[in-house]
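Me: I'm new to protein structures. Could you show me how to read pockets and cores?

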Amino acid sequence: MGQILTAAVALGLLWSIMVIGVYITYRVLDIADLTVEGSITLGAAICTSMIRAGWSPVVGTALAFGAGMLAGLATGALHTKLKIPALLSGILTMIALWSVNLRVMGSANVSILRMPTLFTFIQRFGVSRYFSWIILGGLLALALVTALYWFFGTELGSAIRATGSNPNMVRAQGVHTDNMVIIGLMISNGLVALSGALIGQSQSFADIQMGMGSIVIGLASLIVGEVLFGKRGFYMRLLSVALGAIIYRIIIALVMELGMNPNDLKLFTALTVAAALSVPYLSAAVRVKRKPAGAARV
Amino acid sequence: MCDLLQIKGLAKTFNRGTPNEKSALANINLVVDDGDFITMIGGNGAGKSTLLNCVAGVYPPDAGEIRIDEVNVTRWSEYRRAVYLGRVFQDPMMGTAADMTIKENLALARRRGQRRTLRWGVTAGEHEKYREMLGELELGLESRLTGKVGLLSGGQRQALTLLMAILKTPKLLLLDEHTAALDPKTADKVLDLTNRFIQADKLTTMMVTHNMRHALQLGNRLLMMHEGRIVVDVRGEDKRRLKVDDLLQLFERASGRQLDNDRMLLS
Ligand SMILES: Nc1ncnc2c1ncn2[C@@H]1O[C@H](COP(=O)(O)OP(=O)(O)OP(=O)(O)O)[C@@H](O)[C@H]1O
Ligand SMILES: [Mg+2]
């Protein structure tokens, strides 16, 4: 049981970076971005292929991040420059990435078993496999949360947040909202691809199908985090969605332990997300019934 | 006095070539002097909002030219023109970011037209300054700087939007029925504030209103629009002498029919 929990926490930390990326699009920009399904695989594909070709895992991971940003740029350009709805823009990039990922990997999967990864660097100091995930995943997640907290507090970051809240107002303040959306999508997909690179290295394996359903996992984690750890302050919000990724993995590990058929996992996750997405609505409905809000007058 | 805004031959038709084709502006010519405070009236669909939106760059015009401060901005997109413009909209929700704090909204507005850098979004010095300014509004907002704008009442939000519009002194202030969504008492308060700001900074202003009393009381020039044209343009002493009855007559002469518009308030 301890082993299972450790594994769940470790995997959750690697996914938490992806969930932070989803948070940026889904909550900050108010866009449901399906690009992530392709960019998480893109990150894993690029990183494992580079390692396989003899490159350092550091280079592979960095390039994965950059490639993810390009995927975000593609979706952003489709959406803002060609005026294709955001959801559809994401789907288009996701589908295109399927071919790109196959090209990158040369086949449907890449194995880097017994080749160096970022985790084997750490394991050299006598750390076990899962703990190497926890150390690297935890440090990276914390560093990213801190960096993003700073970024979204700057003039540029504030303008991006405001664009998600009210693009009309932001344009009236002289900000090129198209660019704000593009930057947000780039950062988000960069993080998702980075997470994919870490996941690929952790399992020494990349697979063309590995991104399937990842948006739902991301949303499930995000909402679990928000529901459990509240929404106070931007730093805490970022931290709580990262924690949500871990809780989500623990839940999955537990239900599997309880004997759930792995084939039912996607159905279970989808139901969880549907339930979680309806929580804010349902609880608001309950609140409204209890006490009608009195509108303040000037 | 130089011309702050020059509009030549401006035309705008919506949904051209469809059954819903609608000519909203037909050959508008207008020169606004520096320091003019213009009140604008006209029936529903007269084209007032479209004119303001064309000046602000929300829609590209079909024909014509718009110059602000001698610069031809006809082809500029909305966000670029913002450097010249302060705007307040009819919908109190439209001028502020509800999910952000009062302080963050003000900080965004203070940097209107500037490049957004990686410097901190709100500096320490700004906090105190905003508190003072909000205190002058006398709406109790000075203690809520770090509260979300979404929690404010419509009147508070409009007052905040107004403050945001003038925080970085605009060349031209565009107000599109900015008090129409407020109850009469709140509307008067926000209008008072508007007048105070305009007088204090000698702001060149175009203010659309449905309230004839407001249109007559405020400003040094009055425009009336009808079916996409400016049909009445009075200023200075002539405007000061104008009464509601005169306005009604002017409207009848210009449009060839009686004023039957519920939204034109005569009170
Ligand atoms: N975005 C748009 N698409 C299509 N038609 C529009 C659009 N905006 C305005 N119109 C039409 O153009 C005409 C002028 O509208 P406009 O909003 O400028 O009038 P207005 O004088 O501001 O009226 P109101 O007093 O009702 O605000 C109207 O017939 C309106 O239906
Ligand atoms: Mg209007």
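Reply: Sure, let's go through the pockets and then the cores of this model, which is predicted.

Me: How does anyone spot empty space in the first place?

Reply: Rolling a water-sized probe over the atoms shows where empty space is left. Here, the largest pocket comes out at a volume of about 920 Å³.

Me: Which residues lie nearest the centre of the largest pocket?

Reply: Look for A:R161, A:F234, B:D99, B:E104 and B:K148, out of 30 lining residues. Helices from both chains supply at least two lining residues each: helix 1 (2-29), helix 7 (155-165) and helix 11 (234-257) of chain A, plus helix 3 (102-110) and helix 4 (124-137) of chain B.

Me: What classes of residue make up the lining of the largest pocket?

Reply: It's a mix, with 11 nonpolar, 10 polar and 9 charged residues. Now try the second largest pocket, with a volume of about 580 Å³. Its lining has 17 nonpolar, 3 polar and 2 charged residues. Nearest its centre you'll find A:L11, A:W15, A:I217, A:R249 and A:L265.

Me: And the cores? How many residues does the largest nonpolar core have?

Reply: A nonpolar core is a set of buried nonpolar residues joined through side-chain atoms within 4.5 Å. The largest has 109 residues, and B:I102, B:L106, B:L134 and B:L137 have the most contacts inside it. Helix 1 of chain A gives the most to this core, 13 residues.

Me: What does B:L106 touch?

Reply: Leaving out residues up to four places away in sequence, B:L106 touches B:Y130, B:L134, B:L145, B:L160, B:L163, B:M164 and B:L167. There's also a second, separate core of 28 residues, including B:L30 and B:I68.

Note on methods: Residues are numbered from 1 along each chain as its sequence is written. Chains are lettered from A and ligands numbered from 1 in the order in which they are written. This is a predicted model: local features need pLDDT of at least 70, side-chain atom pairs count only at pLDDT 80 or more; totals for chains, interfaces and linings use all residues. Side-chain values use heavy atoms; hydrogens and water are left out. On a 1 Å grid over the protein atoms alone, a cavity is a set of points where a 1.4 Å probe fits but cannot get out, and a pocket is an open set with protein on both sides within 12 Å along at least five of seven lines; lining residues have an atom within 4 Å of a point. Grid points are joined across faces, edges and corners, and a volume is the space filled by probe spheres set on the points. Helices (H or I, at least four residues) and strands (E, at least two) are DSSP runs, numbered from the N terminus. Ala, Val, Leu, Ile, Met, Phe, Trp, Tyr, Cys and Pro count as nonpolar, Asp, Glu, Lys and Arg as charged, and the others, Gly among them, as polar. Buried means under 20% relative accessible area, exposed over 50%, partly exposed in between (1.4 Å probe, protein chains only). Contact means heavy atoms within 4.5 Å.
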